[in-house]
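Work through the exercises below with the structure open beside you. Try each task before you read its solution.

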Amino acid sequence: MFGPAERNLKLLREALGIRISARDGVVRVGGDREQIGVARAVLDRLVREAGTPRSRRAVLGLIAEETSRFGRGRGDSVEGEGLGPSLGDNKEPLVEASVWDGRLDLSSGGRPIRPMTAGQRRYIEAIRDHDLVFGIGPAGTGKTYLAVAAAVQLLKMHAVQRVVLARPAVEAGERLGFLPGDLQEKVNPYLRPLLDALHDMLDYRSIRRFMESDILEICPLAFMRGRTLNNAVILLDEAQNTTRGQMKMFLTRMGHGSRMIVTGDTTQIDLPDPGRSGLIDAVRRLRRVRGVGFAQLSGADVVRHRLVQRVIEAYGDDETGGAHGDVLRDALGGTGG
C-alpha cells in the first residue's frame with residue numbers, strides 16, 4: 001500500500017499538497033476536505049489492489065483519476081465501478097476534449113489571461129479543436145504564453161494528467177562555450193521562457209509540487225527521444241530551431257489522449273542552414289493532413305510594448321523572413337490560418 005520507502009505517501013503529499021503520515025498501522029491525513037477525500041479514495045484502491053505492483057507513474061495516474069472524480073462531484077470510489085484510464089493505459093483521455101470551450105480560467109497579477117486579438121482567438125480555437133496545432137508568428141504575439149495557458153487550463157480541468165514543455169537547446173547566434181554546473185543548470189537558460197510563462201499563471205509552490213510529482217516537466221528536446229506520452233499536453237517551443245529529424249522525432253511522441261502544440265517564428269532561425277528548419281518542413285508536409293490545425297499570427301497580434309510591432313515591421317523585408325514567410329503562406333493556403 002505505501003510502496004517502497006513510503007513512496008506512495010510521498011506522491012500523495014506532493015501531488016495534493018496535504019499532510020500525511022503513517023504510524024502504528026494508522027494513516028493520518030490533514031489538509032483541504034476535498035484533497036483528503038482524494039487521498040482516502042487512492043489509499044482505498046491501493047488496499048483493494050494490494051499485491052499488484054504499481055509504478056510511480058501508475059500511482060500518479062490513480063491520483064489524477066480520483067481528483068477528476070471529486071472535481072466532477074462524483075464522491076468516493078465505488079467498488080466495481082469503471083475507473084477510467086491510468087497514465088499507462090492506451091485509452092481515451094479522462095475528459096472529452098469537447099468539454100473545453102476555449103475559455104481560460106487563469107489570471108496573471110490579478111488580471112484575467114485571455115486572447116487579445118483576432119489572431120490570438122483563432123489560435124486558441126485551433127488548440128481547442130485539434131490534437132496537433134502549429135502556432136507560427138513573430139515575437140510578442142503570445143504564441144508560447146497562450147500555449148502554456150491552454151496547457152495549464154486543460155491540466156486544471158483534469159482533461160490531461162501531465163504537461164510536458166520542450167525546447168531545442170540552440171544558441172541565438174552566439175557560442176557560449178562551456179557552461180558550469182550540472183546538467184539541469186546547463187539547460188535551464190534555454191528553458192527559462194517557459195518557466196517565466198508558468199510563473200505568471202501558477203504560484204511557486206504549485207509549480208514545484210507539480211514538477212516533483214512529475215505532473216509538470218520542462219526539458220530539452222533531446223530528452224524526448226524514445227518516449228510515448230499519453231494523456232498529456234506536449235508543447236514544443238522555438239520549433240524553428242529543430243532539424244527535420246528532430247521534428248519527426250517530436251511529433252511521433254504523441255500517445256493516446258494527448259495534444260501537441262508546436263510554436264515557432266520562422267524569422268528567427270538560428271540553425272547553420274535556415275533552409276533545413278524542421279518547422280518549415282513540417283508545415284509543408286502536414287498542411288493537408290486531417291486533424292492538424294494551423295494558426296499564423298502577424299505583427300497585428302503583438303501584445304508587447306508598441307515598439308515591438310514597429311521593430312517587426314522594420315525587419316519584415318529581410319531576406320530570411322521574406323523567403324520563409326512565402327513558404328508558410330503557400331503551406332497555409334495564403335489565408336494565414
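Two strands count as paired if DSSP finds at least two bridges between them. Keep in mind that this model is predicted.

**Exercise 1. Pairing of S6 and S7**

Task: Decide whether strand S6 and S7 pair, and in which sense.

Solution:
- Step 1. Find strand S6 at residues 162–167. Strand S7 covers 216–220.
- Step 2. Count the bridges: there are five between S6 and S7. The cut-off is at least two.
- Step 3. Read the sense: S6 and S7 pair in the parallel sense.
- Step 4. Check one position: Ala-166 stands opposite Cys-219 in S7.

**Exercise 2. The whole sheet**

Task: Give the order of the six strands and name those at the edges.

Solution:
- Step 1. The order is S7-S6-S8-S9-S5-S10, in an open sheet with parallel pairing.
- Step 2. S7 and S10 stand at the edges. Each has a single partner strand, so one side of each lacks a neighbour in the sheet.
- Step 3. On average, neighbouring strands are turned by 15° against each other, direction ignored.
- Step 4. Add a helix: H4 (residues 118–129) packs on the sheet and touches S5, S9 and S10. The direction of H4 makes about 150° with that of S9.

**Exercise 3. Strand S9**

Task: Describe the partners and the surroundings of S9 (residues 259–264).

Solution:
- Step 1. Five bridges join S5 to S9, in parallel. Here Gly-135 stands opposite Thr-263.
- Step 2. Four bridges join S8 (residues 232–236) to S9, also in parallel. Leu-236 has Val-262 as its bridge partner.
- Step 3. Follow the chain from S8 through helix H8 (residues 244–251) to S9. This β-α-β crossover is right-handed.
- Step 4. Are the residues of S9 buried or exposed? Six of the six are buried.
- Step 5. Look at both faces: Arg-259, Ile-261 and Thr-263 are buried on one side, and Met-260, Val-262 and Gly-264 on the other.

**Exercise 4. An aromatic pair**

Task: Find the one aromatic pair in the whole structure and classify it.

Solution:
- Step 1. The pair is Phe-134 and Phe-294, 5.3 Å centre to centre, with 15° between the planes.
- Step 2. Planes under 30 degrees apart count as stacked. The pair is therefore stacked.
- Step 3. Phe-134 lies in S5 (residues 132–136) and Phe-294 in S10 (residues 292–296), so the pair ties together parts 160 residues apart in sequence.
- Step 4. Phe-134 is buried, at a relative accessible area of 0%. Phe-294 is buried too, at 12%.

Notes
Residues are numbered from 1 along each chain as its sequence is written. This is a predicted model: local features need pLDDT of at least 70, side-chain atom pairs count only at pLDDT 80 or more; totals for chains, interfaces and linings use all residues. Side-chain values use heavy atoms; hydrogens and water are left out. Rings of Phe, Tyr and Trp (its six-membered ring) pair if their centres lie within 6.5 Å; planes under 30 degrees apart count as stacked, over 60 as edge-to-face and the rest as tilted. Helices (H or I, at least four residues) and strands (E, at least two) are DSSP runs, numbered from the N terminus. Buried means under 20% relative accessible area, exposed over 50%, partly exposed in between (1.4 Å probe, protein chains only). A crossover is right-handed if, with the strands pointing away from the viewer, the path from the first strand over the helix to the second runs clockwise. Axes are lines fitted to C-alpha atoms, for helices over the stretch in contact, and angles run from 0 to 180 degrees between N-to-C directions. Contact means heavy atoms within 4.5 Å.
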